Amino acid sequence: FQQYLVVSCPPTADCSDVSHWRLPTRITDDFANQPTGPDPTTGCEKGDQCLPPNGYRLDDATVGSLSVDRNGVLYFVWSDFRNGGANCAPSGQVTNAAPPCDNDVFYTVSADHGVTWGAAVDVTPAATFGPSAQWQSWGAVTPNGRVLWIAYYDRSYGNCERTGCNDI
């Protein structure tokens, strides 16, 4: 069980003074339970989280993307394995996993400078194409906050979940 946290300084405070910074606030939980290596066929190293069938490395510690609009609203985008499915990691080892591996992309919003955060919103296309992997997410919001752009690698089209091809 892991979490994404943020520290913040109120916009009206002198942020050069560490006493004005707030303690870490939980943005969301992170479900980093993807299958792990080793897998000599794909090169997935022992202990690394990898995505079958081709061993793409997944490291939830580096996938969060935080952006802010001109009104101070924060947007956090990330991917995790909360919907992964038992077939993809029956024993936790990547060599025993079989797609579909439902790694999904989410976002959440804070309208109070990171003090509280909304529920996780899944933006991936599982409803249309069935469970599949999306990873290495990135987000950016327009200055007026009207559009949140999210990009990620995606295996939801065609037979990509089983062959390992991907789209962005």
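Here is a short chat about the disulfides and the nonpolar core of this structure.

Reader: What kind of model is this, and how are residues numbered?

Author: It's a predicted model, where local features need pLDDT of at least 70, side-chain atom pairs count only at pLDDT 80 or more, and totals for chains, interfaces and linings use all residues. Residues are numbered from 1 along each chain as its sequence is written, and side-chain values use heavy atoms, with hydrogens and water left out.

Reader: What makes Cys 9 and Cys 15 a disulfide?

Author: A disulfide is a pair of cysteine sulfur atoms within 2.5 Å. Cys 9 and Cys 15 have an S to S distance of 2.0 Å, so they fit that cut-off. A search of the whole structure finds 4 disulfides.

Reader: Why is Cys 9 called buried?

Author: Buried means under 20% relative accessible area, exposed over 50%, and partly exposed in between (1.4 Å probe, protein chains only). Cys 9 has 13% relative accessibility, so it counts as buried. Its partner Cys 15 has 33%, so Cys 15 counts as partly exposed.

Reader: And why is Cys 165 called partly exposed?

Author: Cys 165 is at 34% relative accessibility, so it goes in the partly exposed class. Cys 160, joined to Cys 165 by a disulfide, is buried because its relative accessible area is 11%.

Reader: What makes a set of residues a nonpolar core?

Author: They're buried Ala, Val, Leu, Ile, Met, Phe, Trp, Tyr and Cys residues joined through side-chain atoms within 4.5 Å. The largest one here has 9 residues, including Tyr 4, Ile 27 and Trp 117.
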